[in-house]
Amino acid sequence: MRTGIIPILLSGFIVLTSMSECKKHNLLYHLVDNPVSFILNGIQFQSQPERVNNYGGSAHEFDTDDNGFFFSMSRELMSETDEYTLHIYLKSTEPFELNKRYSVCEMVDMAENNVGYASLLSFTDGFVAYHDAISGWIEFTDVSKGDHNYISGKFEMNCEDYDDNDLTFMEIRNGQFGPLRVE
């Protein structure tokens, strides 16, 4: 069978140009702002845009039904000199309400199936330190649903950690998140 050189060159051109388009538009993920910020012991920390999978999966979740609601968030935040990962997890049998404060200080009520937990993780010299919330709250201020779901809110907490028998106390104030894309 005889083939001409023009169809082969044309096919090669199409493949090469489509590959360059794939590099411009990543098929696996894209960047989403998902802003989170707080002041930790007087120092401002902010998140950077994060990679979000194009097809399912998210580090942030929010769900509500007749049995209560669930919220989970995990974000890296940076100052000029330090970096922390913030985790907030809340599962409640209470009805979800905007502008209501919910506890996030190691609250576990298995009888009612309520769990609230928040912590900061820091990485120093190859070690991970967990700074658990001993008091604090989260308040949701907005929920929007559409092609993607977003949630916004604010939070404050006090965290502590025992490091070599020394107590480290951390005060988080003016915490804000959102609009945060959630699954």
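## Paired strands and the first hairpin

Two strands count as paired here if DSSP finds at least two bridges between them. In this predicted model, β2 and strand β3 (residues 43–46) meet that condition with four bridges, in the antiparallel sense. Across the pair, Phe-38 stands opposite Phe-45 in β3. The hairpin formed by β2 and β3 has two residues between its strands, and Asn-41 takes a positive phi there, near 50 degrees.

## Overall make-up and confidence

The chain has 183 residues, of which 32% are buried. Its secondary structure amounts to one helix and 13 strands. Read from the N terminus, the order begins with the helix and continues with the strands. Of the contacts between residues at least 6 apart in sequence, 56% link residues at least 24 apart. The chain exposes an accessible surface of about 11,600 Å², and carbon and sulfur atoms account for 52% of that area.

The average pLDDT of the chain is 81, and 75% of the residues score at least 70. Which elements have the lowest and the highest mean pLDDT? Helix α1 (residues 5–24) has the lowest mean, at 56, while β3 has the highest, at 96. Within residues 19–23 the pLDDT is below 50, and this stretch has one contact in the model beyond near neighbours in sequence.

## The nonpolar core

The largest nonpolar core contains 29 residues. Those with the most contacts inside this core are Phe-71, Leu-86, Ile-88, Ile-138, Phe-155, Met-157 and Phe-177. Two or more core residues come from each of β2 (36–40), β6 (68–78), β7 (83–92), β10 (114–124), β11 (127–144), β12 (149–163) and β13 (166–182). The largest share, five residues, is supplied by β13.

Which residues does Ile-88 touch, leaving aside those up to four places away in sequence? The list consists of Phe-71, Ser-72, Met-73, Val-104, Tyr-117, Ala-118, Ile-138, Phe-155 and Met-157. Among them, Phe-71, Ile-138, Phe-155 and Met-157 also appear among the residues with the most contacts inside the core.

## Strands β6, β7 and β10

In a regular strand the side chains alternate between the two faces of the sheet. β6 and β7 are paired in the antiparallel sense over 10 bridges. Four residues form the hairpin connection from β6 to β7. In this pair Phe-71 stands opposite Leu-90 in β7.

β7 also runs antiparallel to β10, and seven bridges join these two strands. Here Leu-86 stands opposite Leu-120 in β10. β7 is thus a partner of β6 and of β10, and each of these three strands gives two or more residues to the core described above.

## Salt bridges

Side chains of opposite charge can pair when their charged atoms come close. With a cut-off of 4 Å between a side-chain nitrogen of Lys or Arg and a carboxyl oxygen of Asp or Glu, the count is seven salt bridges.

One of these links Lys-154 and Glu-139, with the closest N and O atoms 4.0 Å apart. Lys-154 is in strand β12 and Glu-139 in strand β11, so this salt bridge ties together parts that are 15 residues apart in sequence. Is each partner buried or partly exposed? Lys-154 is partly exposed, with a relative accessible area of 34%. Glu-139 counts as buried because its relative accessibility of 9% falls under the 20% limit.

A network of salt bridges with shared partners joins Glu-94, Glu-97 and Lys-100. Between Glu-94 and Lys-100 the closest N and O atoms are 2.5 Å apart. Between Lys-100 and Glu-97 the corresponding distance is 4.0 Å. Glu-94 counts as partly exposed at 32% relative accessibility, Lys-100 as partly exposed at 24%, and Glu-97 as partly exposed at 39%.

Methods:
Residues numbered from 1 in each chain as written. Predicted model: local features only at pLDDT ≥ 70, side-chain atom pairs only at ≥ 80, totals over all residues. Heavy atoms only, no water. Core = buried A, V, L, I, M, F, W, Y, C linked by side-chain atoms within 4.5 Å. Buried < 20%, exposed > 50% of the residue type's maximum accessible area, 1.4 Å probe, protein only. Contact = heavy atoms within 4.5 Å. pLDDT = per-residue confidence, 0-100. Areas by Shrake-Rupley, 256 points an atom, 1.4 Å probe, with all protein chains shown as cover.
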